[in-house]
Amino acid sequence: MSVAFASDYPALAHAALDALERAVEWHGRVVFASSFGAEDMVILDLIAGARLPIATFTLDTGRLPQETHDLVDVARRRYDVPIEVVVPNAADVEAFVRLNGPNAFYDSKDLRVECCRIRKAAPLARALAGAGAWVTGLRREQNVTRAGVDVDEQDALHGIAKVNPLAHWSHDDVWHYLRAHDVPVNALHARGYPSVGCAPCTRAVAPGDDPRSGRWWWEAPESRECGLHRRPIAVKVAVRTEASP
Ligand code: SF4
């Protein structure tokens with residue numbers, strides 16, 4: 001794949017679309033996990049614009065901000081594509097909250113990771129079952145934990161391919177695309193949230209600060225992941241399809 005210069009926006013968009021089309025060709029059933037952050041809106045716009053057979057889903061943890069739910073509705077209307085909402089196992093959430101309280105994620109890293117496992121990692125594993133590949137909006141620039149991200153990867157955690165079409169995009173590339181294509185975005189971005197996750201675990205950051213520093217800000221930067229992409233969380237799922245190589 002050719003690497004585009006940062007300012008060559010049409011080439012960047014073309015390369016990202018190429019990655020998505022290649023995923024469908026190579027991996028059969030491909031799904032897109034959208035958190036409705038800025039990067040994911042670029043990808044949704046590309047998928048919907050090209051009418052690619054990639055099913056979009058989002059993980060509704062039960063603690064998302066209202067602004068994210070609002071954007072899901074706006075995206076449904078704008079793109080006229082189904083967006084599956086995947087929720088956590090209710091009994092697991094109930095047991096965790098009963099034992100540890102509703103805000104246990106502030107008490108220790110172990111409890112935070114367990115909350116992410118129940119509300120995010122386990123539902124993700126369920127949503128990926130049967131897929132040959134999943135698409136994400138990961139970018140290298142986002143965090144120290146993501147510096148090695150590439151466009152085409154093998155996700156050993158879930159046993160399927162993982163496609164990150166924006167892996168080499170910069171923050172400016174993302175926002176240039178969003179504005180140029182008039183893509184709807186989460187209202188929280190304008191209030192200082194470069195990265196939007198669960199409401200109690202995300203806050204605004206000062207201009208110029210690390211964009212991920214508003215996520216789990218009370219933890220060390222190396223551990224600021226929810227377990228969807230790299231984790232100390234053991235959630236196993238068998239995911240192979242006939243279309244998988
Ligand atoms: Fe729980 Fe916070 Fe993780 Fe959301 S981000 S699943 S509220 S610990």
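Let's start with a pair of strands: β5 and β6 run antiparallel and are joined by 4 bridges. Keep in mind that this is a predicted model. From that pair we can work outwards to the whole sheet, then to a helix that lies across several of its strands, and finally to the ligand.

**The β5–β6 hairpin**
- Look for Glu153 first: its bridge partner is Lys162 in β6.
- Between the two strands of this hairpin there are 4 residues.
- Gly159 is worth a click too, since in this hairpin Gly159 takes a positive phi near 75°.

**The whole sheet**
- Zoom out and you'll find an open sheet of 6 strands with mixed pairing.
- Reading across, the strand order is β3-β2-β1-β4-β6-β5.
- The edge strands are β3, covering 83-86, and β5, covering 152-155, and each of them pairs on one side only.
- On average, neighbouring strands of this sheet are turned by 30° against each other, ignoring direction.

**Parallel partners of β4**
- On one side, β4 (residues 133-135) runs parallel to β1 (residues 30-33), and 3 bridges join the two.
- Here you can spot Phe32 standing opposite Val135 in β4.
- β4 also pairs with β6 in the parallel sense, over 3 bridges.
- In that pairing, Trp134 stands opposite Lys162 in β6.
- So far Lys162 has turned up twice: as the bridge partner of Glu153, and as the residue opposite Trp134.

**A helix across the strands**
- Helix α5, made of residues 109-128, lies across β1, β2, β3, β4 and β6.
- If you want to find the strands, β2 spans 54-59 and β6 spans 160-163.
- The helix α5 runs at about 160° to β2.

**Around the ligand**
- Where does the ligand sit? The space taken by the ligand is the largest cavity.
- Which residues are around the ligand? They are Phe105, Arg112, Cys115, Cys116, Arg119, Lys120, Cys198, Cys201 and Trp216.
- Sorted by type, this shell has 6 nonpolar residues, no polar ones and 3 charged ones.
- Helix α5 covers residues 109-128, and the residues around the ligand include Arg112, Cys115, Cys116, Arg119 and Lys120.

Notes: Residues are numbered from 1 along each chain as its sequence is written. This is a predicted model: local features need pLDDT of at least 70, side-chain atom pairs count only at pLDDT 80 or more; totals for chains, interfaces and linings use all residues. Side-chain values use heavy atoms; hydrogens and water are left out. A residue is near a molecule or strand if one of its heavy atoms lies within 4 Å of it. On a 1 Å grid over the protein atoms alone, a cavity is a set of points where a 1.4 Å probe fits but cannot get out, and a pocket is an open set with protein on both sides within 12 Å along at least five of seven lines; lining residues have an atom within 4 Å of a point. A molecule sits in a cavity or pocket if more than half of its atoms lie within 2 Å of its grid points. Ala, Val, Leu, Ile, Met, Phe, Trp, Tyr, Cys and Pro count as nonpolar, Asp, Glu, Lys and Arg as charged, and the others, Gly among them, as polar. Two strands pair if DSSP finds at least two bridges between them. Axes are lines fitted to C-alpha atoms, for helices over the stretch in contact, and angles run from 0 to 180 degrees between N-to-C directions. Contact means heavy atoms within 4.5 Å.
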